[in-house]
Amino acid sequence: MTTSEFINQQLSILGISQYRLAQLSGISCPLINAYCKGTSEPNINNFKAIVQALHVHHQDLNNFIYEN
């Protein structure tokens, strides 16, 4: 699973928009959109902000990390 697939999956599970993720994470909408499209990869700080904003369960995060 790519980072963009992971983020999109979490957005779908929570039923929130990219705009709302931008608000919750403090990351700009264009950058969130680039992450979701797969045209850019988040740095570690932005990935951490996204994971925290989405309240990603530790097991889901571990699964993603170990798959990649």
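## An aromatic pair

How many aromatic pairs does this structure hold by the ring-centre rule? The count comes to one aromatic pair. Keep in mind as you look around that this is a predicted model.

A pair of aromatic rings is described by the distance of the centres and the angle of the planes. Here the partners are F6 and F47, with ring centres 6.2 Å apart and planes at 40°. Planes under 30 degrees apart would count as stacked and those over 60 as edge-to-face, so this pair is tilted.

Try finding the two rings on the chain. F6 sits in helix α1 (residues 3-14) and F47 in helix α4 (residues 44-53). With their positions 41 residues apart in the numbering, the pair links distant parts of the chain. Both rings belong to buried residues: F6 has a relative accessible area of 3%, and F47 has one of 14%.

## Helix α1 and its two sides

Now follow helix α1 from end to end. Its 12 residues reach 17 Å from the first C-alpha to the last, close to the 16 Å expected at 1.5 Å a residue.

Which residues of α1 are buried? They are T3, S4, F6, I7, Q10 and L11. Seen down the axis of α1, these buried residues fall within an arc of 165°, so they line one face of the helix. A general feature of helices helps to picture this: an α-helix has 3.6 residues a turn, so residues three or four places apart point the same way. On the other side of α1, S12 and I13 are exposed.

The buried residues of α1 have a cover that includes α2, α3, α4 and α5 (58-67). After the helix comes G15, whose phi is positive, near 70°.

## From S4 across to helix α3

S4 is a good place to step from one helix to another. This residue lies in helix α1 and is buried, with a relative accessible area of 11%. Leaving aside residues up to four places away in sequence, S4 touches Y35, C36, K37 and G38.

Two of these contacts, Y35 and C36, are among the buried residues of helix α3 (residues 29-37), together with I32 and A34. What do the buried residues of α3 pack against? Their neighbours are α1, α2 (18-25) and α4. G38, which S4 also touches, follows α3 and has a positive phi, near 85°.

Key
Residues numbered from 1 in each chain as written. Predicted model: local features only at pLDDT ≥ 70, side-chain atom pairs only at ≥ 80, totals over all residues. Heavy atoms only, no water. Phe/Tyr/Trp six-rings, centres within 6.5 Å; stacked < 30°, edge-to-face > 60°. Helix = DSSP H or I, 4+ residues; strand = E, 2+ residues; numbered from the N terminus. Buried < 20%, exposed > 50% of the residue type's maximum accessible area, 1.4 Å probe, protein only. Contact = heavy atoms within 4.5 Å. Expected span 1.5 Å × (residues − 1). Arc of directions from axis to C-beta.
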